[in-house]
Amino acid sequence: MIIAVDGPAASGKGTIARALALHYALPHLDTGLLYRAVAITVLRADGDPADPADALAACAFDDLLLGDPELRSEKAGAAASVVSAHPAVRAALVDRQRRFAGQPSGAILDGRDIGTVIAPEAAAKLFVTADPQVRATRRHAELAGRGASPGLDAVLADIRARDERDSARAAAPLRMADDAVLIDTTDLNVAEAVAAAIAAVEAKR
Ligand code: C5P
């Protein structure tokens, strides 16, 4: 069984995907980390995330980087949203994601284009969203917990800018698949969101 979990930044899709991975004992890939690794590789080489050649060269990043805490920073997220708009970058990361999805055990992938581009054959597709203000508040608390928080206004502005870039780009824009189930986590706590996700998956299999 392949489960695709897509949605905008700080919607709760990562939390839901991790909980589903435990519940169904499936391997999980957070595909945002791949784009974040490309972004950090560009920045560390003093490259420009908006330059397609710089971004493509960074797709050969070292896998050890995937565990680096700097990938979770707002800076990495913002630059990831810039490098991910280059079609060549998306193409360079497709095989790796499809191989993960194609494991005999099945898999859970979360990102922006899993249900639409990477695994359109997924048995269950969830599109997780929430009000931008609520997403900003969550991300702000998460960053503060790690001792590194810009102000709430800055986090909200970053989330809005990322939503706009991820939705407006030509290559694999953030879009709900026609056969996805919408989970709006604005008024849900984690347990409620996970229960809604499990119910949606059960209804599909
Ligand atoms: O999900 P996360 O916030 O870690 O993703 C960082 C950025 O990577 C997103 O803003 C988006 O631009 C890009 N991304 C993408 N496609 C994916 C996963 C992430 O374009 N499947």
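This report walks through the ligand and the pocket that holds it.

## About the model

The model is predicted, so to speak of local features a pLDDT of at least 70 is needed, side-chain atom pairs count only at pLDDT 80 or more, and totals for chains, interfaces and linings use all residues. Residues are numbered from 1 along each chain as its sequence is written, and side-chain values use heavy atoms, with hydrogens and water left out.

## Around the ligand

Let us begin with the ligand. It is surrounded by 15 residues, each with a heavy atom within 4 Å of it. The closest are R36, S84, R90, R162 and D166. By type, the shell holds eight charged, five polar and two nonpolar residues; here Asp, Glu, Lys and Arg count as charged, Ala, Val, Leu, Ile, Met, Phe, Trp, Tyr, Cys and Pro as nonpolar, and the others, Gly among them, as polar.

Helix 2 (32-44), helix 4 (74-83) and helix 8 (152-168) each give at least two residues to this shell. Helix 2 gives the most, with three. Helices are DSSP runs (H or I, at least four residues) and strands are runs of E (at least two), numbered from the N terminus.

## Contacts and cover

Some side chains reach oxygen atoms of the ligand with their polar atoms. For R162 the distance is 2.8 Å. For S84 it is 2.9 Å, and an N or O atom in the side chain of R112 also lies 2.9 Å from a ligand oxygen. Taken alone, the ligand exposes 460 Å², and the protein buries 97% of that (Shrake-Rupley method, 1.4 Å probe).

## The largest pocket

The ligand takes up the space of the largest pocket, where about 790 Å³ of space lies. A pocket is an open set of points on a 1 Å grid over the protein atoms alone, where a 1.4 Å probe fits, with protein on both sides within 12 Å along at least five of seven lines; lining residues have an atom within 4 Å of a point.

The lining has 36 residues, and A9, A10, K13, G14 and R139 lie nearest the pocket's centre. Helix 1 supplies the largest share, five residues. Other elements supplying at least two include strand 3 (107-111), helix 7 (132-145) and helix 9 (190-204). The lining divides into 15 charged, twelve polar and nine nonpolar residues.

How values were computed: A polar contact is a pair of N or O atoms within 3.5 Å; within protein, one must be able to donate a hydrogen and the other to accept it, and residues adjacent in sequence count only if both atoms are side-chain atoms. A molecule sits in a cavity or pocket if more than half of its atoms lie within 2 Å of its grid points. Grid points are joined across faces, edges and corners, and a volume is the space filled by probe spheres set on the points.
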